Every structure is written in C-alpha cells, then in structure tokens.
Amino acid sequence: TAAAVQDATAAVVPKPPPDPKTVADMRRPEWWYPKARLSKRTIIYHGGPTNSGKTYHALEALKRAENGVYAGPLRLLALEVHERLND
C-alpha cells in the first residue's frame, strides 16, 4: 500500500530539509528519489581491456533479459547498440 511505501521510505531515506535554499543541493543524492531507492534491482558492470568483448557480452545479456538498460560511454557506440537491438 502507499502507506507502507511511505513508512519504508521514511525508515530508509532521511527527508531533505524544507529550506528552499537547499533544493538544488547536489551533495545528498539519497534525497533525490526516495521511492526509487527502495526498488530491488540488479546492476551488472562489464569491465575489461579494449576489444575484450565487453559490449558484445553486455548486449547478449540485455537481449535475453526481460527488461534492462544499456549505458554506453560513446555516442557512436550508442548508435551501434540501438541498431543491434532494434534490427
């Protein structure tokens, strides 16, 4: 229920101060999306040397997954990923 989520959120994430001067305070990211922080998720990091198959293996895993996000560092690589996943 919404009340349970609110109670769980309050227990896990402290509320930001109400002072309008602190609205743009970027030092406390745990205040930004308290409900999202309660989500159970799996984050997989593919690290390794150049040309070791990181992108290939990450994309193969993403294709098999029910849902997911690929975060690539380069615009050209992002275009290649988009084309591979949408062909």
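This report walks through the fold, one helix, the largest pocket and three loop residues of a predicted model.

**The overall fold**

The chain is built from three helices and has zero strands. Along the sequence, the pattern reads α-α-α. Of the chain's 87 residues, 11% count as buried. The chain exposes about 7,800 Å². Carbon and sulfur atoms supply 57% of that area. Now take the contacts between residues at least 6 apart in sequence: 31% of them join residues at least 24 apart.

**Helix α2**

Helix α2 covers residues 54-64. Which of its residues are buried? They are A58, L59 and L62. Looking down the axis of α2, these buried residues fall within an arc of 95°, so they line one face of the helix. A general rule about helices helps here. An α-helix has 3.6 residues a turn, so residues three or four places apart point the same way.

**The largest pocket**

The largest pocket has a volume of about 870 Å³. Its lining is made of 25 residues. Nearest its centre lie I44, H46, A58, V69 and Y70. Which element gives the most to this lining? It is α2, with six residues. By type, the lining divides into 14 nonpolar, nine polar and two charged residues.

A58 appears twice in this picture. It is one of the buried residues of α2, and it is among the residues nearest the centre of the largest pocket.

**Three loop residues**

The table sets out three residues found in loops, with the relative accessible area of each.

| Residue | Loop | Relative accessible area |
|---|---|---|
| H46 | between α1 and α2 | 35%, partly exposed |
| N51 | between α1 and α2 | 77%, exposed |
| Y70 | between α2 and α3 | 25%, partly exposed |

Start with H46. Is H46 buried or partly exposed? Its relative accessible area is 35%, and buried means under 20%, so H46 counts as partly exposed. Leaving aside neighbours within four places in sequence, H46 is in contact with K54, H57 and A58. H46 and H57 are eleven residues apart in sequence. In space, their C-alpha atoms are 8.3 Å apart.

N51 lies in the loop between α1, residues 2-12, and α2. N51 has a relative accessible area of 77%; the cut-off for exposed is over 50%, so N51 is exposed. Its backbone has a notable angle. Phi of N51 is near 60°, a positive value in a residue other than glycine.

Y70 sits in the loop that runs between α2 and α3, the helix of residues 75-86. What does Y70 touch, not counting residues up to four places away in sequence? The list is T55, A58, L59, L62, L77 and V81. Among these are A58, L59 and L62, the buried residues of α2. Y70 itself is partly exposed, at 25%. Y70 and H82 are twelve residues apart in sequence. Their C-alpha atoms lie 9.7 Å apart in space.

**Putting it together**

H46 and Y70 both lie among the residues nearest the centre of the largest pocket. A58 is in contact with H46, and A58 is also touched by Y70.

Conventions:
Residues are numbered from 1 along each chain as its sequence is written. This is a predicted model: local features need pLDDT of at least 70, side-chain atom pairs count only at pLDDT 80 or more; totals for chains, interfaces and linings use all residues. Side-chain values use heavy atoms; hydrogens and water are left out. Buried means under 20% relative accessible area, exposed over 50%, partly exposed in between (1.4 Å probe, protein chains only). Helices (H or I, at least four residues) and strands (E, at least two) are DSSP runs, numbered from the N terminus. The arc is that of the directions from the helix axis to the C-beta atoms. Contact means heavy atoms within 4.5 Å. Accessible areas come from the Shrake-Rupley method with a 1.4 Å probe; for residues, only the protein chains shown count as cover. On a 1 Å grid over the protein atoms alone, a cavity is a set of points where a 1.4 Å probe fits but cannot get out, and a pocket is an open set with protein on both sides within 12 Å along at least five of seven lines; lining residues have an atom within 4 Å of a point. Grid points are joined across faces, edges and corners, and a volume is the space filled by probe spheres set on the points. Ala, Val, Leu, Ile, Met, Phe, Trp, Tyr, Cys and Pro count as nonpolar, Asp, Glu, Lys and Arg as charged, and the others, Gly among them, as polar.
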